[in-house]
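Hello, and thanks for sharing this one. Here are my notes as numbered points, to read with the structure open beside you.

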Amino acid sequence: MPVNIPTPSAIFETSVPHRDMANTLRFLAVDAVERARSGHPGMPMGMADVATVLFSRFLKFDPSDPAWPDRDRFVLSAGHGSMLLYGLLHLTGYPELTLEEVKSFRQWGSKTPGHPEYGHTPGVETTTGPLGQGLATAVGMALAERLAHARFGEELVDHHTYVIVGDGCLMEGISHEAISLAGHLKLSRLIVLFDDNEISIDGSTSLSCSDDQLARFAASGWSTRRVDGHDREAVATAIAEELATDRPSLIACRTIIGFGAPNRQGTEKVHGAPLGAEESLAAREALAWPHEPFEIPPEIREAWLAVGARGKAEHKAWQKRLRQVGEAERRQFEDAVGGRLSDGLKRALADIRQRFASDCPQIATRQASQQVINAIVSAQPNLLGGSADLTHSNLTQAKGLQPVQAEDFSGGYIHYGVREHGMAAAMNGIALHGGYIPFGGTFLAFADYSRPAIRLAALMGLRVIHVMTHDSIGLGEDGPTHQPVEHLAALRAIPNLLVFRPADAVETAEAWECALAAEKQPSIICLSRQALPTLRSDCGVNGVALGAYVLFEPPAERDVTLIATGSEVSIAVEAAELLAKEGIRAAVVSAPCFELFRRQGPVYRRAVLGTAPRIGIEAAIEADWSRLLGEDGVFIGMGGFGASAPAGDLYREFGITAATIAEAARQLASEKRGQGL
């Protein structure tokens with residue numbers, strides 16, 4: 001079909017040649033890396049032509065409002081080339097990206113860190129650096145756009161997601177999961193610009209990779225093509241034509257890494273080190289750039305500012321359309337984009353907590369979670385569920401919730417397939433895009449597949465909820481490959497990540513309440529396969545929100561304190577009952593979230609932990625438990641991997657029983673009395 005290709009003159013008035021605008025980007029990168037004495041000049045120099053075409057002719061954005069909901073998203077998946085992005089943000093007029101910030105590249109407190117960081121630098125859509133993550137996150141952004149478009153219409157939601165990837169992004173395994181999911185869902189608003197320079201850190205990509213990337217993407221249902229990345233009109237034509245496709249697009253831009261550096265271009269030497277004074281000067285001569293470091297001629301600066309200003313009219317038109325929609329729809333849109341929790345959600349959570357406390361069901365916490373999801377999705381319509389091909393095990397699909405499909409984006413549930421890593425990254429993109437609160441399920445043992453994306457969610461401060469079931473040896477016969485023993489410790493080690501392990505149905509509802517309220521933290525809700533008794537009949541205070549609390553306090557001074565999480569709390573209660581018959585006074589503490597407990601004040605923590613000897617019980621490795629138990633504490637749990645057998649047999653064989661706990665408590669109580677404490 002005929003395509004009208006926008007030209008620079010149709011977008012902004014300037015007589016500045018494309019070459020000079022692109023060279024401005026090149027030398028901002030060269031000069032910033034040189035000043036910092038570290039960084040990656042090669043990619044910005046090679047992709048400057050492509051980026052100039054994209055920003056000047058196609059990208060819809062407004063530097064005065066980096067959070068405009070209907071802006072196009074631009075993701076630099078090859079985050080090591082961050083100076084390309086910082087140069088673009090500075091030149092197009094993002095107020096906080098001053099020239100001084102560019103000069104402070106990679107320095108303490110600057111807005112220009114070594115790799116782009118979401119929330120730190122205005123205009124950065126996602127944190128990138130671990131290769132492939134940006135691409136997979138962008139898939140989530142493009143998916144969120146289609147979902148919001150289906151819900152609110154094109155008057156409010158009508159934008160694209162553009163990604164620059166490098167060879168390394170496409171070598172990473174997560175890229176396969178991402179491109180497969182995007183192709184399956186036909187995310188036509190996603191355009192990937194591949195910096196096809198055939199160079200990696202070790203040298204030529206032929207050393208390690210011989211993939212035909214176009215064939216690979218095409219096999220997953222993408223529209224693909226290759227262009228000369230230094231031919232601005234070829235790049236513009238490719239982008240314009242791909243905007244008209246009904247599939248996601250890959251444009252392989254054949255570039256020269258370090259373009260313009262005469263002695264280093266096209267080699268790995270220009271990838272990750274400053275050019276040096278001599279080569280910087282040689283590049284200036286080769287590209288006819290006679291200006292001093294960080295010097296930007298006024299006419300070029302004005303041309304770039306005109307690029308940044310051209311989105312203001314579209315932004316104002318969008319604001320007018322938003323004002324013209326009905327009040328109820330506008331409020332729904334603004335609440336969704338703002339991530340606000342509805343009053344109905346709060347009531348629904350309170351109601352199901354009360355029902356659990358009254359009915360005292362003996363069910364697996366994964367089943368309790370399913371009941372919570374059923375209760376809240378209608379009250380919070382921007383909850384977006386999913387699972388990595390474990391829907392009927394994770395129990396994450398609410399009744400009546402329809403699946404998202406390529407032909408119909410009105411659903412509220414995503415079948416991510418066996419793509420745990422891709423799911424986790426896509427949920428990050430959905431959360432970053434705004435409009436939805438994503439949650440997705442898999443087995444806790446498979447958290448290792450998701451971990452890099454979970455870590456980035458914690459680093460970015462995103463409300464993403466991971467429902468991870470089959471959380472211990474309690475899953476039984478599937479054996480040690482599926483029984484998580486080290487995973488709780490590994491996840492608790494990630495800063496700014498909430499790890500919940502509820503003991504019963506009431507705590508499960510409370511964990512969901514905490515996870516939804518955590519606007520700046522991702523959460524892991526670890527749930528049992530086996531049925532557990534309800535241990536609390538009161539729900540006035542959210543005990544999970546405290547991190548740990550006293551579930552049972554003996555009538556007189558404690559002889560021992562039993563601290564447990566999840567399915568082991570009921571075992572601790574049973575042990576306390578055995579000890580009470582012998583006159584040993586045992587308190588039971590449920591500790592569903594170590595992270596939240598550490599936030600409590602010292603007075604509360606001391607009151608919960610007490611001064612009596614402590615025993616920790618968890619069907620996992622000890623790891624961080626020593627902080628709770630103190631020097632004289634005892635841990636009862638796993639010292640290695642599990643085994644294949646029925647759950648009850650496993651708990652008995654590994655010594656995680658009421659009898660084992662009681663025997664340890666007798667010894668501690670005896671020692672305490674012997675010391676006259």
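1. A definition first, as the pocket comes up straight away: a pocket here is an open set of grid points with protein on both sides within 12 Å along at least five of seven lines, and its lining residues have an atom within 4 Å of a point. Please keep in mind that this is a predicted model.

2. With that in hand, have a look at the largest pocket, which holds about 750 Å³ of space. Its lining counts 35 residues, and nearest the centre you will find Tyr118, Val337, Ala431, Leu432 and Gly434.

3. Which helices supply at least two residues each to that lining? They are H6 (133–152), H14 (327–338) and H18 (420–433). H14 gives the largest share, with four residues.

4. Next, the sheets. One is open and parallel, with five strands in the order S1-S2-S3-S7-S6. S1 (73–76) and S6 (223–228) are its edge strands, each pairing on one side only. From one strand to the next, the twist averages 15°.

5. At the S6 edge, six bridges join S6 to S7 (residues 249–254) in the parallel sense, and Arg225 faces Ile251 of S7 across the pair. Helix H10 (residues 232–242) packs on this sheet, where it touches S2, S3 (190–196), S6 and S7, and its direction makes about 170° with that of S6. Helix H4 (residues 82–91) lies across S1 and S2 (161–165), running at about 145° to S1.

6. The other sheet to check is also open and parallel, and its six strands follow the order S10-S9-S11-S12-S14-S13. S10 (413–415) and S13 (498–500) each have a single partner strand, so one side of each is left without a neighbour in the sheet. Here the twist averages 20° from one strand to the next.

7. Where does Leu498 find its opposite residue in S14? It stands opposite Ser523. S13 and S14 (residues 523–526) pair over three bridges, in the parallel sense.

8. Finally, the nonpolar cores. The largest has 64 residues, and Phe55, Phe74, Leu84, Leu193, Ile239 and Trp304 have the most contacts inside it. Leaving aside residues up to four places away in sequence, Leu193 touches Met47, Val50, Leu54, Val163, Ile164, Val165, Ile239, Ile251 and Cys253. A second core, separate from this one, has 60 residues, among them Trp68, Met141, Leu322 and Ala426.

Terms used:
Residues are numbered from 1 along each chain as its sequence is written. This is a predicted model: local features need pLDDT of at least 70, side-chain atom pairs count only at pLDDT 80 or more; totals for chains, interfaces and linings use all residues. Side-chain values use heavy atoms; hydrogens and water are left out. Two strands pair if DSSP finds at least two bridges between them. Axes are lines fitted to C-alpha atoms, for helices over the stretch in contact, and angles run from 0 to 180 degrees between N-to-C directions. A nonpolar core is a set of buried Ala, Val, Leu, Ile, Met, Phe, Trp, Tyr and Cys residues joined through side-chain atoms within 4.5 Å. Buried means under 20% relative accessible area, exposed over 50%, partly exposed in between (1.4 Å probe, protein chains only). Contact means heavy atoms within 4.5 Å. On a 1 Å grid over the protein atoms alone, a cavity is a set of points where a 1.4 Å probe fits but cannot get out, and a pocket is an open set with protein on both sides within 12 Å along at least five of seven lines; lining residues have an atom within 4 Å of a point. Grid points are joined across faces, edges and corners, and a volume is the space filled by probe spheres set on the points.
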